[in-house]
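Would you like some practice in reading a protein model? Please take a look at the sequence and structure below, and then try the exercises at your own pace.

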Amino acid sequence: MLEKSLATLEFFKVRAQIAKFAASALGQNRLEELSPYTLCTEAEQELEAVDEAFVCIQRFGQPAFGGISDIRDALKRAQLGSVLNIEQLLAIRRCIEGTANLKQYIRNAVGQYETAEGLGTSNIFPHVRELSEALFDARRLEVEIARIILDDATISDHASPELRQLRIERRTAEARARKILEDLLRKEARHLQEPVIALRGQSLCLPVRVDAKHQIPGIVRDTSASGSTVYVEPQAVLEQGEKVRELLVREEREIEKILQQLSALVAEVADELRENCQLLSNLDAWFAKARYALKHHCSKPKLNSDGYWLLRSARHPLLDEKQAVPIDLELGREYRMLMITGPNTGGKTVTLKTMGLLTLMAMAGCFIHANENSEIAFCRTIFADIGDEQSIEQSLSTFSSHLKNIIHMLQQVHEQDLVLLDELGAGTDPGEGAALAVAILETLAECGARVVATTHHAELKAFAFREPAAINASMEFDVQSLQPTYRLLIGVPGRSNAFAIARRLGLPEKIIERASRYISNEQEEMDRLIGEMEKARKQHLEALAAAEEARNKAQSLEEQYQRALVEWEEASSRKEEELLQEAERVLVNARQTAERVIQELRRERKDWKDHEFVELRKSLEEALPTRKNIQRAKSGNKKAIAVGQAVRVLSLGQKAEVIELSGQYATVQMGPLRSKIDVRDLEPIEGASKPTVQGVRVKGGESIRMEIDVRGETVEDALLRIDRHLDAAMLQGLGRIVIIHGKGTGALRTAIRQHLKHHKAVKSFASGSLGEGGDGVTVVSVQV
């Protein structure tokens, strides 16, 4: 890409703005070198990576780049054998910590997105995840540095046994010296300037008045600025002071040795950490671009290699978002050349720069200031001749400067290039300038390049009418307010509106009429046609807006209807479920009441046999409806019911015979009971014989199994089945049964054994043997 075009289109200014969003010097340095890619696939991959970062920030907040810095210089020094200082080693440690935190952020984002969207891990943030996974794990080095260097940039006492011993000895010597000095403070207080211990260099001293310096034997280590105080290291602490200084030198040597060892460890992984820096710079650049896009409401463009642009609500990146007027622009399919005309300060140049700058941003892998679904053509080169480039040093006029740029452009232009020309043919004689402009445009049309040009020449409007590859456009101008609207109108050539503006400003009508006589018939006819086109366009836009409003209203009504329908269905379903739950509660109460009645009968009716109670319980249980029968009854019977037909009463679960039909109701015979029931509660039994009265006694020869399996059942259902089995076992004289309930959580086992404790048919019970299933079964001894 031409450096001149990047500067002309102000790409470097936008690049500097994006770089400010970097979280580290690594990302900032990379973004400061940002330029358009040379291959479309590279730019597409970059846009996909930025989109992943965009989604990460939106869904999971800002990533953790804290502590990450450019440590490459320190790594290089370590590889050359230099000893790194404490600050450099701390920076490396923090960078390793920051890398681990960033990896964790990305790992969490992938996991949460996978859970929320139900996608495979390989499909989630592939570019961001790949770079994150490639980051070298240097936690061993981080731990070692943290063990030796504390957060306050000091060396830990435990960095080595030798250092720890030296510091113990030094602190002991310092404590002795201080003890001696404290004694001297009391004894020699009259000779001191103030009763304090002062540190001068590595010596502990007393601040002695200058006139009494001979009263305290020792060495003068310093003098105050005023000369009234001398700092004396007393003779009594000289020995301890020398020992402290000696220990300090040995301590510094030991620290140097420790830092050298740490630097060697850094050198061992320097290549991996340098690669980490490169990966981190890429990650930071992606997230910086995403933060910029969020801040400025940018969207991801679609790149193509077909030379096609489709910009929706595009804005210039350097203009105030609240004041910038969005433009819609299309180029490259029905027409390859766009001739923009209109008054000065109407926005023609800004339109050129907006298109060129957004194209450069997309080619550099950045989101653009336009709505979604905008498309950008990936260009080989962008040629831009914009602005006044008059040069005093080179004795070039504006026209000469523009012409020089165009000559250079025509020597290199290709069909995959974008050419932006501002005020083509200006700066010289209008007739000659227009002729040159038309010739230049014809040459560009022949080579197939995409061209956007601004002009005031009517001849270029005519060129766009007769050239199949070109189309006119204009910047809208409000004649009533005499202000540009900055809206781009495709297909409509611009008008000068000079007479309308003059009339509005108060120029006498006589002068305007005189001026109009100098306008050629062709020019007048063209202005009239342009005016009619503008009027027709406004009517079309108004009709389109009304149709859009009607469509939106209809869509809104449809959405309201759908929401109301869904709410009604949900409310109906909830009500149905509530009724079913209420019916189930009634059935549970009925079963409990029936059980209590049976227990009362056991106590009151001593003359009844046990098998009679079993049959009574069975009859009551079969008489109660189930949830399934209730639902089937609710749904209604779809088959015809006839007199004499065998049917099943759904709500009761009983067989019956239809005796009489009367409208929606049928009279049925259920054994000795005759009842009037809604036909929707009846289900025909195909090929069934007429029901008979059910007995209350079991057959004497009926056999039952020694085992009963209640695994997976509710406590209530299991206990009911066990009661029936125990009653039948007692009637058959079966002295032992095995209840299989499984181990599980133990809730079912506990409930069964608690129930057996109070059951009259149970003599005793115990867990099964190892071969029988252990604690997963209960063996019951039955009363016979």
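Four exercises with worked solutions follow, all on this predicted model.

**Exercise 1. Find the largest cavity and describe its lining.**

Solution. Start with the background: rolling a probe the size of a water molecule over the atoms shows where empty space is left. Next, count what turns up: there is one cavity of 30 Å³ or more. The largest cavity holds about 100 Å³ of space. Then list its walls: Asp385, Phe399, His402, Leu403, Ile406, Glu423, Leu424, Gly425, Ala426, Leu436 and Ile440 line the largest cavity. Two elements, helix H13 (398-412) and helix H14 (430-447), each give two or more residues to this lining. The largest share, four residues, is supplied by H13. Finally, sort the lining by class: seven residues are nonpolar, two are polar and two are charged.

**Exercise 2. Which residues of helix H3 (residues 25-32) are buried, and what do they pack against?**

Solution. Begin by picking out the buried residues of H3, which are Leu26, Gly27 and Leu31. These residues lie on the same side of H3, because they cover an arc of only 125° around the axis. A general rule helps here: an α-helix has 3.6 residues a turn, so residues three or four places apart point the same way. Now look across from the buried residues of H3: their packing partners are helix H2 (11-19), helix H5 (72-79) and helix H11 (270-295).

**Exercise 3. How many disulfides does the whole structure have?**

Solution. The search of the whole structure gives zero disulfides. Take Cys298 as a worked case: its closest cysteine sulfur, in Cys366, is 8.9 Å away, so the pair is too far apart for a bond. As for its surroundings, Cys298 has a relative accessible area of 9% and is buried. Another cysteine, Cys205, is also buried, at 0% relative accessibility.

**Exercise 4. Place Glu10 and Ala153 in their loops, and say whether each one is buried or partly exposed.**

Solution. First, recall that most residues other than glycine have a negative phi. Glu10 has a positive phi, near 65°. Its place is the loop between helix H1 (3-8) and H2. With a relative accessibility of 17%, Glu10 is under the 20% limit, so it counts as buried. Now turn to Ala153, which is not a glycine but has a positive phi of about 65°. Ala153 sits in the loop between helix H8 (139-148) and helix H9 (161-187). Its relative accessible area is 26%, so Ala153 is partly exposed.

Notes
Residues numbered from 1 in each chain as written. Predicted model: local features only at pLDDT ≥ 70, side-chain atom pairs only at ≥ 80, totals over all residues. Heavy atoms only, no water. 1 Å grid on protein atoms, 1.4 Å probe; cavity = no way out; pocket = protein on both sides within 12 Å on 5 of 7 lines; lining within 4 Å. Points joined across faces, edges and corners; volume = space filled by probe spheres on them. Nonpolar A, V, L, I, M, F, W, Y, C, P; charged D, E, K, R; others polar. Buried < 20%, exposed > 50% of the residue type's maximum accessible area, 1.4 Å probe, protein only. Arc of directions from axis to C-beta. Contact = heavy atoms within 4.5 Å. Disulfide = S-S within 2.5 Å.
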